[in-house]
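User: I have just opened this model and would like to understand how its side chains pack together. Could you walk me through it?

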Amino acid sequence: MAESSKDELLQLIKRFGAYLTVKMSDLFTLFSQNLDSRSVGAIAGLAVAIVFTWRLLRSPSTTQRRQPKKPSTRPSSSGVNSQSNIISASSVIASSSDDTRAQNVVDDFFQPVKPTLGQIVRQKLCEGRKVTCRLVGIILEEIDPEDLQKQVTVRSSVLEVLLEITKYCDLYLMERVVDDESEKRVLQCLEDAGVFTSGGLVKDKVLFCSTESGRASFVRQLEPDWHIDTNPENISLLARFIKYQLLISPNKPERTAVNVFTATSLEQFFGLM
């Protein structure tokens with residue numbers, strides 16, 4: 001019954017195709033002298049498309065009919081059931097495997113991409129282009145300017161962030177010192193740590209003064225987008241003049257103004273700790 005219906009459908013498609021072929025031939029003959037080359041090409045393309053569609057619809061049935069029939073062997077009912085169960089189980093396993101592979105592809109595609117440190121720096125600094133930063137307690141291990149008379153140590157954990165900032169920002173480092181020897185010691189320590197090798201920071205951008213108010217004066221003159229400091233008083237004083245400020249403190253105090261951010265360290269602010 002099903003085979004008879006397929007044959008009738010195939011015959012109907014053949015007749016329709018033949019009818020379209022005749023009609024297209026008549027139309028082409030009738031109008032070929034009155035149409036320009038583009039119209040003729042369009043009609044010819046339509047005819048080719050119809051013939052191609054007809055052949056595409058025709059080929060599955062033809063292929064199916066040409067397949068030789070396999071000799072029928074009537075297996076036992078238990079064999080049929082067993083074979084059916086095996087095929088069903090195989091289909092379920094194959095389907096499950098395909099679903100798993102598809103889900104893995106989707107998961108990999110939508111997996112969030114981890115941003116680079118450079119992207120984090122630019123995002124955190126709100127694309128700010130000029131930054132001023134205190135040395136003691138942020139870049140250096142020492143927490144007091146008087147400690148610089150004895151030794152100077154650059155915090156190794158902050159170097160990566162510091163060098164990344166110099167790639168995107170005009171960075172100025174500043175500190176209060178009690179004598180010239182401390183100033184020389186700081187510059188030598190920064191040079192030994194490779195701070196000046198990246199090209200973004202030079203010795204002329206390391207500024208020294210003798211008072212806390214002198215450092216605040218440096219910041220106001222430079223007019224940075226960001227200032228980073230450990231002194232809450234300087235932060236409060238500069239809040240009216242500087243767009244953004246970052247207060248570094250081990251206790252991470254509450255924000256004193258909407259444009260003042262806090263962190264326990266520079267690395268922590270940029271998500272490295």
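Analyst: Happy to help; this is a predicted model, and the questions below go through its cores, rings and charges.

User: Let's begin inside. Which residues have the most contacts inside the largest nonpolar core?

Analyst: In soluble globular proteins, nonpolar side chains tend to be buried together. Here the largest such core has 39 residues. Those with the most contacts inside that core are Ile139, Leu173, Leu190 and Leu266.

User: Take Leu266. Leaving aside its neighbours within four places in sequence, which residues is Leu266 in contact with?

Analyst: Leu266 is one of the residues with the most contacts inside the largest core, and Ile139 is another of them. With neighbours within four places in sequence set aside, the contacts of Leu266 are Ile138, Ile139, Val158, Val161, Ile165, Ile228, Leu246 and Ile248.

User: Which residues does the second, separate core include?

Analyst: Apart from the core around Leu266, there is a second, separate one of 8 residues. Its members include Tyr172, Val219, Leu222 and Leu238.

User: Thr132 caught my eye. Is Thr132 buried or exposed, and what does it touch?

Analyst: Thr132 is found in strand β1. Its relative accessibility is 0%, so Thr132 counts as buried. Beyond four places in sequence, the contacts of Thr132 are Tyr172, Met174, Val219, Leu222, Pro224, Trp226, His227 and Ile228.

User: What about Val206: which residues does it touch?

Analyst: Val206 belongs to strand β3, residues 206-209. With a relative accessible area of 6%, under the 20% cut-off, Val206 is buried. Its C-alpha atom is separated by 8.2 Å from that of Glu175, 31 residues apart along the chain. Not counting residues up to four places away in sequence, Val206 touches Leu135, Leu173, Leu187, Leu190 and Phe196.

User: On to the rings. Are the planes of Phe269 and Phe270 stacked or edge-to-face?

Analyst: A pair of aromatic rings is described by the distance of the centres and the angle of the planes. For Phe269 and Phe270 the centres are 5.1 Å apart and the planes meet at 80 degrees. Planes over 60 degrees apart count as edge-to-face, so the Phe269 and Phe270 pair is edge-to-face.

User: Which residues form one aromatic cluster with those two?

Analyst: The structure holds 5 aromatic pairs. Phe269 is buried at a relative accessible area of 9%, and Phe270 is buried at 1%. The residues that join Phe269 and Phe270 in one cluster are Trp226, Tyr244 and Phe261.

User: Which ring does the charged end of Arg220 sit over?

Analyst: Two cases of a charge over a ring are worth a look. Lys205 lies over the face of Tyr172, at 5.5 Å from the ring centre. In the case of Arg220, the charged end is 3.8 Å from the centre of the ring, and that ring belongs to Phe241.

User: How many disulfides are there?

Analyst: A disulfide is a covalent bond between the sulfur atoms of two cysteines. Cys133 is buried, at 2% relative accessible area, and Cys209 also counts as buried, at 10%. With a cut-off of 2.5 Å between cysteine sulfur atoms, the count of disulfides is 0.

User: How far apart in sequence are the parts that Arg134 and Glu175 tie together?

Analyst: Arg134 and Glu175 meet in a salt bridge, 3.0 Å from N to O. Arg134 lies in strand β1 and Glu175 in strand β2, so their pair ties together parts whose separation in sequence is 41 residues.

User: Glu212 seems busy too. Which residues does Glu212 form salt bridges with?

Analyst: One partner sits in strand β2 while Glu212 lies in helix α7, so that pair ties together parts 36 residues apart in sequence. Its closest N and O atoms are 3.2 Å apart. The other partner is also in helix α7, 3 residues away, about one turn, with closest N and O atoms 2.7 Å apart. The two partners are Arg176 and Arg215.

User: Finally, which residues of α7 are buried?

Analyst: Arg215 is at 0% relative accessibility, so this charged residue counts as buried. The cover over the buried residues of α7 includes β1, β2, β3, β4 and α8. The buried residues of α7 are Gly214, Arg215, Ala216, Val219 and Leu222.

Key. Residues are numbered from 1 along each chain as its sequence is written. This is a predicted model: local features need pLDDT of at least 70, side-chain atom pairs count only at pLDDT 80 or more; totals for chains, interfaces and linings use all residues. Side-chain values use heavy atoms; hydrogens and water are left out. A nonpolar core is a set of buried Ala, Val, Leu, Ile, Met, Phe, Trp, Tyr and Cys residues joined through side-chain atoms within 4.5 Å. Buried means under 20% relative accessible area, exposed over 50%, partly exposed in between (1.4 Å probe, protein chains only). Contact means heavy atoms within 4.5 Å. Rings of Phe, Tyr and Trp (its six-membered ring) pair if their centres lie within 6.5 Å; planes under 30 degrees apart count as stacked, over 60 as edge-to-face and the rest as tilted. A charge sits over a ring if NZ of Lys or CZ of Arg is within 6 Å of the ring centre and within 35 degrees of the ring normal. A salt bridge is a side-chain nitrogen of Lys or Arg within 4 Å of a carboxyl oxygen of Asp or Glu. Helices (H or I, at least four residues) and strands (E, at least two) are DSSP runs, numbered from the N terminus.
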